[in-house]
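Colleague: I am new to this structure and would be grateful for a guided discussion of its helix packing and its internal spaces. May we begin with the model itself?

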Amino acid sequence: MPNETRRGFLGLMGAGLACAVTPAHALTTDQASALVQKSMDEVYAVINSGQPPAQMYKAFEAIFARYADVDIIARSALGPAARQVSPAQFAAYKQAFQGYIGRKYGKRFREFIGSKIEVQSARPVKSFIAVTTVAYLKGRSPMEMEWHVSDKSGKNLYFNIIIEGINMLASERAEISAMLAQRKGDMAALTADLQQAG
């Protein structure tokens with residue numbers, strides 16, 4: 001095979017191989033930005049709806065369940081204990097954790113009433129895309145939030161939020177770990193308390 005032909009053939013083989021190992025539906029920065037924007041548009045619709053807090057928190061929980069990778073976040077928050085619990089125990093804990101997050105972050109989002117949020121940028125970081133947003137709050141300096149979006153679960157979902165430098169995954173892991181330790185590793189007690197916390 002002449003050199004030119006060989007080079008052309010090897011080039012085609014290389015291109016074919018690259019196509020074979022590149023995921024067909026790899027998450028793009030535009031898709032990640034759109035997910036965060038859609039999520040925040042729904043949050044804004046709730047906070048400006050004038051609903052009572054309890055209804056708002058239920059709506060925030062539903063938004064969280066729709067756009068966040070609740071399984072990954074709940075497992076990460078539970079830490080090593082997640083590998084030791086039964087599927088039924090984890091399912092009950094995950095449901096309680098979802099409600100707890102809806103209430104806890106719902107209280108933060110209520111600070112955004114009358115404000116606006118804008119997606120500033122999105123960049124690939126290792127196996128996920130980091131989307132930076134800025135919330136322009138009434139009477140306060142702007143608040144920066146970074147959302148980590150991945151398609152590892154088969155869907156485009158965010159699995160972490162960094163609000164003004166505070167990492168949600170890290171802070172929830174510390175909090176849930178402390179709660180579990182206080183209950184001497186009793187998952188049922190932790191789950192029951194999470195249903196009220198937030």
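**Helix packing and internal spaces**

Modeller: In this predicted model, the axes of helix α5 (residues 87-109) and α7 come within 8 Å and cross at roughly 25 degrees.

Colleague: How is α5 oriented relative to α7?

Modeller: The two axes cross at roughly 25 degrees. Angles under 35 degrees count as roughly parallel. Therefore the orientation of α5 to α7 is roughly parallel.

Colleague: Is the crossing of α5 and α7 left-handed or right-handed, and how many charged residues does their contact have?

Modeller: The crossing of α5 and α7 is left-handed. On the α5 side, the residues that meet α7 include Gln89, Tyr93, Phe97 and Arg103, while α7 contributes Met187, Leu190, Thr191 and Leu194. By class, this contact comprises 8 nonpolar residues and 2 polar ones, and the number of charged residues is 1.

Colleague: Are α6 and α7 roughly parallel or oblique to each other?

Modeller: Helix α6 spans residues 168-182 and helix α7 spans residues 187-194. Their axes come within 9 Å and cross at roughly 125 degrees, and α6 passes α7 in a right-handed crossing. The angle lies outside the ranges for roughly parallel, roughly antiparallel and roughly perpendicular, so the two helices are oblique.

Colleague: Which residues in α7 meet α6?

Modeller: From α6, the residues in this contact are Ile176, Met179 and Leu180. The contact has 6 nonpolar, no polar and 1 charged residues. The α7 residues that meet α6 are Met187, Leu190, Asp193 and Leu194.

Colleague: What is the relative orientation of α2 and α3?

Modeller: The axes of α2 and α3 are 10 Å apart, and the helices pack at an angle of about 170 degrees. Angles over 145 degrees count as roughly antiparallel. The orientation of α2 to α3 is therefore roughly antiparallel.

Colleague: How many nonpolar residues does the contact of α2 with α3 have?

Modeller: Among the α2 residues in this contact are Leu35, Glu42 and Val46, and α3 supplies residues including Met56, Phe60 and Tyr67. The contact has 3 charged residues and 1 polar residue, and its nonpolar residues number 9.

Colleague: Let us turn to the internal spaces. What is the volume of the largest cavity?

Modeller: The structure holds 1 cavity of 30 Å³ or more. The volume of the largest cavity is about 120 Å³.

Colleague: Which element supplies the largest share of the lining of the largest cavity?

Modeller: Of the 13 lining residues, Phe60, Phe64, Tyr105, Phe109 and Tyr158 are the closest to the centre of the cavity. By class, the lining has 11 nonpolar residues, 2 polar and no charged. At least two lining residues come from each of α2 (29-47), α3 (53-67), α5 and β4 (157-163). The largest share, 4 residues, comes from α5.

Colleague: How many charged residues are in the lining of the largest pocket?

Modeller: The largest pocket has a volume of about 150 Å³. Its lining includes Asp69, Asp151, Lys152 and Lys155, along with residues such as Ile72, Phe128 and Leu157. By class, the lining has 4 nonpolar and 3 polar residues, and the number of charged residues is 4.

Note on methods: Residues are numbered from 1 along each chain as its sequence is written. This is a predicted model: local features need pLDDT of at least 70, side-chain atom pairs count only at pLDDT 80 or more; totals for chains, interfaces and linings use all residues. Side-chain values use heavy atoms; hydrogens and water are left out. Axes are lines fitted to C-alpha atoms, for helices over the stretch in contact, and angles run from 0 to 180 degrees between N-to-C directions. Angles under 35 degrees count as roughly parallel, over 145 as roughly antiparallel, 65 to 115 as roughly perpendicular and the rest as oblique. A crossing is left-handed if the near helix is turned anticlockwise from the far one by less than a right angle, and right-handed if clockwise. Contact means heavy atoms within 4.5 Å. Ala, Val, Leu, Ile, Met, Phe, Trp, Tyr, Cys and Pro count as nonpolar, Asp, Glu, Lys and Arg as charged, and the others, Gly among them, as polar. On a 1 Å grid over the protein atoms alone, a cavity is a set of points where a 1.4 Å probe fits but cannot get out, and a pocket is an open set with protein on both sides within 12 Å along at least five of seven lines; lining residues have an atom within 4 Å of a point. Grid points are joined across faces, edges and corners, and a volume is the space filled by probe spheres set on the points.
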